[in-house]
Amino acid sequence: MASKRSRKEKKGENRSLSDLNTLGHQLLSSRAHINNLPILLTYISPSSRPQDALESLLSLQSFFTPLLPDLPPPAKALIAKGAASSNGDADPELIYRTWIRSKFDELTNSLINIVTCSESDDTLREVVLDTVMEFVKLGNGGRFYNALYNKLILSIVYSSLDIEFLLELLTSKYFKYVDVRYFTLISIEKTAKTLENNFSSDDKSSIGVDDGKCHSRGSLELAIRKMHFIIMKVPPLDTVDEKDDLEMWTGTGFLSKEVGNEDTKLADVSDKQKKMEKREKTGFSTTKLSKKMRLKFTKAWMSFLRLPLPLDLYKEVLVSLHQAVVPHLSNPVMLCDFLTRSYDIGGVISVMALSGLFILMTQYGLEYPNFYEKLYSLLVPSIFMGKHRAKFFQLLDSCLKSPLLPAYLAAAFTKKLSRLALVVPPSGALIIIALIHNLLRRHPSINCLVHQENVGKSLTEDILEDAGSEEICTTKANLPKEEQGIDLFNDEESDPLKSNAMRSSLWEIDTLRHHYSPAVSRFVSSLETDLTVRAKTTEVAIKDFSSASYATIFGDEMRRRVKQVPVAFHKVIPNSLFSDSDFPGWTFKRGQRKEELGNDNDNTCAIASPEHEGNSMKRQRVEYSQPDIGVIQF
């Protein structure tokens, strides 16, 4: 009989919802039905029907919730279990609570398995997630149950499924609580360190985790993407006031080590004065919390950036790093290694890393010796077609704004840009003209580049090194005629100091006067303004041209109101070469036959003055090359 009952218990599908409801009521009514607990636990599985799992979950949650404050922690439960096995006279109540604790841990593992399983229903996932978060709130004696929450985050990250719905639900519903954010950052830091250690091991073909599972490189990439999604959704906690009532999931000061029953009672009190007294008592301070959050935020991000990020995710991080991460770090200079490493890669990665590196240099005192040399090497034709060219050129203009910039460096950038103007699209030429206009206005020492003849080769190396001196700008050319007109600027030189930019001139800008795009040829005229007097000119806003393209240029041309049209336009199609209004006082007779013109085969045109119609004036005959032309008479 007992064997039949056990077989029936193993087959959960043989029980109806009413049977599960009865088992739940019996379990809640008396300890005599405690054996119903393992039966209900068998239905908390992804393979069970959603309605069966939900019915069992409601009963189990109602059973465990009042018992959680009295249950021993997991570590003490293991110790008590070992002591009970070695000592036959152990306390029965302790054994009972230890067994209940083991069943509670089994329940939480089953719930997390449902959350991350592909067979689970989305509605059931949402209910299970809310149940797990309730256990996080109550499972540690009224404090935040970090062990369970960390296990939840790890399971979501290591899952082979792209559970976007669950991540959106978790971030939107629970990240408004400060303690949830705090422990989320801790979990991300631990997970990132685990992945980093496993990836840096000898066997990089697979990634091992604590649960013994093996994850491939594809799973590693998916885990990194999930971590990025979670960490980007954690709002920073910076500007907070002591009077602000921060929302907590547990309702207690999670930073304090001792939490009494009074804290739980005061959590529901609406009086702000009592809440402030409670915070002072438990050590809960918004200033202290803000420092702790900033520190955890920094550790989480630094651990995440050490991971092998996929290329597209790497670019996404660089784009948002200077706005979403740098202002909220405890020490933003810690990002210098990551940003300089990215800046040295080259190409579009360097362009994206420029924003964060520029902020560290200008606001946090970071010194990067080869910054301008690397920036000079980024000026290639492909940068004018890049996706992030608008931000790059705005930063380029900002980097070249300092009046302390050496003349040779300003001249090198100016000449490099002018040379690129010959090969870039019209939108790029507009940006170059605007940048050169600003450079000439900010640095009067390079105004000699506007018109300068070649400097002779007899100059010493000392003068060449002092490229900012006015001697180079004022020295006349002593070259032979066959060597005059040679541009001494070396376009292929990566070092601005050795490019000989100060010995050249901006002849490329003069060629833009005849550019095929009217917008470019018109904008070149802005450089003809006297730039020696800064009061007469103003800087050009680069952002007005940085997003230009063929479409925007064409649209601007279509919207322009042109006063003089270079082509003829007729509302009515003309039937003759000239109209009567073109020759006032003259009469045109069209359609004359050739016989009326005489016996000559050539067409003639008889012309007489209208004032001498009656006089016997000799007609003038005018030869015309085209046949069938009407005679003009008066």
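In this report a helix or a strand is a DSSP run, of at least four residues for helices and at least two for strands, and the runs are numbered from the N terminus. With that in place, L335 can be located in the loop between α15 and α16. The model described here is a predicted one.

## The protein as a whole

The protein has 26 helices and six strands, and of its 634 residues 44% count as buried. Among the contacts between residues at least 6 apart in sequence, 72% join residues that are at least 24 apart.

## L335 and the helices on either side of its loop

L335 is buried, because its relative accessible area is 0%, where buried means under 20%. Leaving aside neighbours within four places in sequence, L335 is in contact with M302, L305, L321, V325, V326, L329 and L360. One of these, M302, is 33 residues away along the chain, and its C-alpha atom is separated from that of L335 by 7.7 Å.

The two helices that the loop joins also meet each other. The axes of α15 (residues 311-324) and α16 (residues 336-343) come within 12 Å and cross at roughly 120°, which makes α15 oblique to α16. Their crossing is left-handed. On the α15 side the residues that meet the other helix are Y314, L318 and L321, and on the α16 side they are F338, L339 and S342. L321 thus appears in this helix pair and also among the contacts of L335.

## Helix α2, its partner α4, and T22

A second pair of helices is α2 and α4 (residues 50-64), which pack at an angle of about 5° with their axes 9 Å apart. Angles under 35 degrees count as roughly parallel, and α2 and α4 are therefore roughly parallel to each other. The residues of α2 that meet α4 are L17, L20, N21, G24, L27 and L28, and their counterparts in α4 are Q51, D52, E55, S56, S59, L60, S62 and F63.

T22 has its place in α2, which covers residues 17-29. With a relative accessibility of 40%, T22 counts as partly exposed. A polar atom of the T22 side chain lies 2.8 Å from the backbone oxygen of S18. T22 and N36 are 14 residues apart in sequence, and their C-alpha atoms are 9.8 Å apart in space.

## Helices α8, α11 and α21

Helix α8 (residues 146-158) has 13 residues, which at 1.5 Å a residue should span 18 Å, and its end C-alpha atoms are 18 Å apart, in agreement with that value. Ten of the 13 residues of α8 are buried, so the helix is largely enclosed by the rest of the structure. The buried residues are N146, L148, Y149, N150, L152, I153, L154, I156, V157 and Y158.

Two residues of α8, I156 and V157, recur in the surroundings of K226. K226 lies in helix α11 (residues 217-233) and is buried, with a relative accessible area of 2%. Apart from neighbours within four places in sequence, the contacts of K226 are I156, V157, S159, L161, D162, I163 and L167.

Helix α21 (residues 426-442) has 17 residues, for which the expected span is 24 Å, and the separation of 25 Å between its end C-alpha atoms agrees with this. This helix is mostly covered, since 17 of its 17 residues are buried.

## Two further loop residues

K387 is found in the loop between α18 (371-377) and α19 (389-399), and at 75% relative accessibility K387 counts as exposed. The C-alpha atoms of K387 and S547 are separated by 9.7 Å, although the two residues are 160 apart along the chain.

N500 is found in the loop between α23 (470-474) and α24 (507-511), and its relative accessibility of 27% makes N500 partly exposed. The phi angle of N500 is near 60°, a positive value in a residue other than glycine.

The table sets out the accessibility of the residues discussed above.

| Residue | Relative accessibility | Class |
|---|---|---|
| T22 | 40% | partly exposed |
| K226 | 2% | buried |
| L335 | 0% | buried |
| K387 | 75% | exposed |
| N500 | 27% | partly exposed |

Note on methods. Residues numbered from 1 in each chain as written. Predicted model: local features only at pLDDT ≥ 70, side-chain atom pairs only at ≥ 80, totals over all residues. Heavy atoms only, no water. Buried < 20%, exposed > 50% of the residue type's maximum accessible area, 1.4 Å probe, protein only. Polar contact = N/O pair within 3.5 Å; in protein donor to acceptor, adjacent residues only side chain to side chain. Expected span 1.5 Å × (residues − 1). Axes fitted to C-alpha atoms, helices over the stretch in contact; angles between N-to-C directions. Parallel < 35°, antiparallel > 145°, perpendicular 65-115°, else oblique. Left-handed = near helix turned anticlockwise from the far one by under 90°. Contact = heavy atoms within 4.5 Å.
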